[in-house]
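Proteins are not solid blocks, and the gaps inside them can be worth a look. Please open the structure below and keep it beside you as you read.

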Amino acid sequence: MNEHGPVVYAGPQEPTGICYRLVMWEAGALPESSLAEWQSARKDLLAAMRDAGIKGARGKLAGLEKELRELNCRVIEGPLATCPRRALTCTRANALAAFLAREAGVLGFRLGACSVEVLLQAGEDCDPQAKQESWKQSVEGMEWSAESLCEALMPADAVRLLAEYRAADTLHESAVEDEAAAALESTPFRHVTVLAHEAVDALLPAEGRVLVDATLGGGGHSELMLQAGAEVWGIDQDPAARAAAKRRLAAYGDKLHVVAGNFRNAVALLQERGVQAVDGLLADIGISSPQVDCAERGFSFLNEGPLDMRMNPAAERSAADIVNTAAESELADILWQYGEERASRAIARRIVQERSKAPITTTTQLADIIATVLPRKGKQHPATRSFQALRIAVNDELGALEDLLHTGLSLLRSGGRFAVITFHSLEDRAVKRFFEQVTRPEIDRPEWPAPRPNPDYAAKLVFRKPITASEAELSANPRSRSAKLRVIEKL
Ligand SMILES: C[S@@+](CC[C@H](N)C(=O)[O-])C[C@H]1O[C@@H](n2cnc3c(N)ncnc32)[C@H](O)[C@@H]1O
């Protein structure tokens, strides 16, 4: 238990194949005598299991496995469950929870009074004990017992354990956000809003109007909407962004509703909260400056950090997972399709060569590998396009955008506005194509004798051409250089 109650978390990923249940605990939490009894009885049982395994004595093995589970439960987990509350969960539970929720392969976890139990998916090169050791290092000021428990689970048992976590999932978004909010004390969230007035004014914000900011970020656009009197539903998949926006916009009280989730599910997220129709929806696609600047998030090759790139730290696949496990052809396709990288095949080949020697785990390691294939020309770092491509793949950014485009209009009342800001041609192409598709009253084909009514016709263009940043904005914020705003209005 901690101040928030028992912390239990279950991610969205389902167990596939073998998983591990790992338990680690605070040094001194268990009496020395229990530990000694456990170590000696466990040693004997493991030796007997090895012999039974060699002899192929399956029935005996199953019995010994059961005995081992009972031993673990009686000597370790029993005393851990009754151990008085200690420093770990009082002060560090959220730090560890936030860390674990970002860890690749973690399906869920449960924090006890002075212990942590984690359900880990066994990947190809997964070394659960090494993982456990690195988690122990992740929480500063924490002293862990050198002993820990590592138990392989059959798929059905993993499914059962995850279901238990799901039933008790209390690591409500707030626990992760609390951690992010604490981090804001040391590193404030600084993101300069792009096309701020242009985008917000296009949604005609006013008292009595309900608007959705599908990419809340640091809350720059939302703030202008709130200042104009609108009620705002702000969605973001990043707990750090939500924490920053809540803090910045606290003065607007219940005019702002912050929603955790992916905007591709905007309709469901809002309907679950009783919102059926709104007057405007804005999406300012892409990542925020703090996401890029924080080395820990692994978006930038300029700072050494874990190769992560997940906007939602609880998402299934990090950049390291893709780089270390995707087939060479898949890697090449990602670099080509999302980064328009002409050397995609050569880079993919080199990545596969390098990862066969050792896993590629950091941003700078990957950037250096790419630089051996592509010599630096001009100002741009050779890894720029590959990093963009991986980021888009990790977050399925184009898929999420397509889903938002295809569902967003259904949320709008008649006369409601839909505005999207994009930062690169792949995104802008998707928005332009979709907006054309729904704003054309008729469609024509060479083989048709006459144009026919367009069944998708549902909106009109608010601006014929995309809005781009003014000279003043360009000189104040170079990031606005590639921004394009397109807006439609529902009929
Ligand atoms: C460019 S920033 C938005 C900045 C914001 N408009 C402001 O002025 O502060 C984009 C934000 O959208 C979030 N985001 C990107 N894709 C998302 C998705 N599919 N679902 C939910 N949030 C997403 C990112 O986490 C990031 O915080």
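## Spaces and a helix pair

In the lining of the largest pocket, helix H12 is the top contributor, giving four residues. Keep in mind as you explore that this is a predicted model.

Let's stay with that pocket for a moment. Its volume is about 1,400 Å³. A total of 34 residues line the largest pocket, and those closest to its centre are Ala104, Lys131, Ser318, Ala320 and Asp321. Helix H12 covers residues 319-325, and it is listed with helix H3 (87-102), strand E4 (115-121) and helix H4 (128-138) as the elements that give two or more residues to this lining. Sorted by class, the lining of the largest pocket holds 14 charged, eleven polar and nine nonpolar residues.

Now for the cavities. Rolling a probe the size of a water molecule over the atoms shows where empty space is left. The count here comes to three cavities of 30 Å³ or more.

The largest cavity has 30 lining residues, and Thr215, Asp236, Asp284, Gly286 and Met311 lie nearest its centre. If you want to find its walls, look at helix H8 (220-227), strand E7 (231-236) and helix H17 (397-411), each of which supplies at least two residues of the lining.

The second largest cavity holds about 70 Å³ of space. It is lined by 13 residues, with Gln13, Val106, Ala314, Ala315 and Glu316 the closest to its centre.

Here are the spaces side by side:

| Space | Volume | Nonpolar lining residues | Polar lining residues | Charged lining residues |
|---|---|---|---|---|
| Largest pocket | about 1,400 Å³ | nine | eleven | 14 |
| Largest cavity | about 390 Å³ | ten | 15 | five |
| Second largest cavity | about 70 Å³ | seven | three | three |

Let's finish with two helices that touch. At what angle do helix H15 and helix H16 pack? The angle between H15 (residues 363-373) and H16 (residues 384-394) is about 130 degrees, and their axes are 10 Å apart. That is why H15 counts as oblique to H16. The crossing of H15 past H16 is right-handed.

Which residues make the contact? From H15 come Thr363, Leu366, Ala367 and Ile370, while H16 brings Ser386, Phe387 and Leu390. Of the residues in this contact between H15 and H16, five are nonpolar, two are polar and none is charged.

Technical notes. Residues numbered from 1 in each chain as written. Predicted model: local features only at pLDDT ≥ 70, side-chain atom pairs only at ≥ 80, totals over all residues. Heavy atoms only, no water. Axes fitted to C-alpha atoms, helices over the stretch in contact; angles between N-to-C directions. Parallel < 35°, antiparallel > 145°, perpendicular 65-115°, else oblique. Left-handed = near helix turned anticlockwise from the far one by under 90°. Contact = heavy atoms within 4.5 Å. Nonpolar A, V, L, I, M, F, W, Y, C, P; charged D, E, K, R; others polar. 1 Å grid on protein atoms, 1.4 Å probe; cavity = no way out; pocket = protein on both sides within 12 Å on 5 of 7 lines; lining within 4 Å. Points joined across faces, edges and corners; volume = space filled by probe spheres on them.
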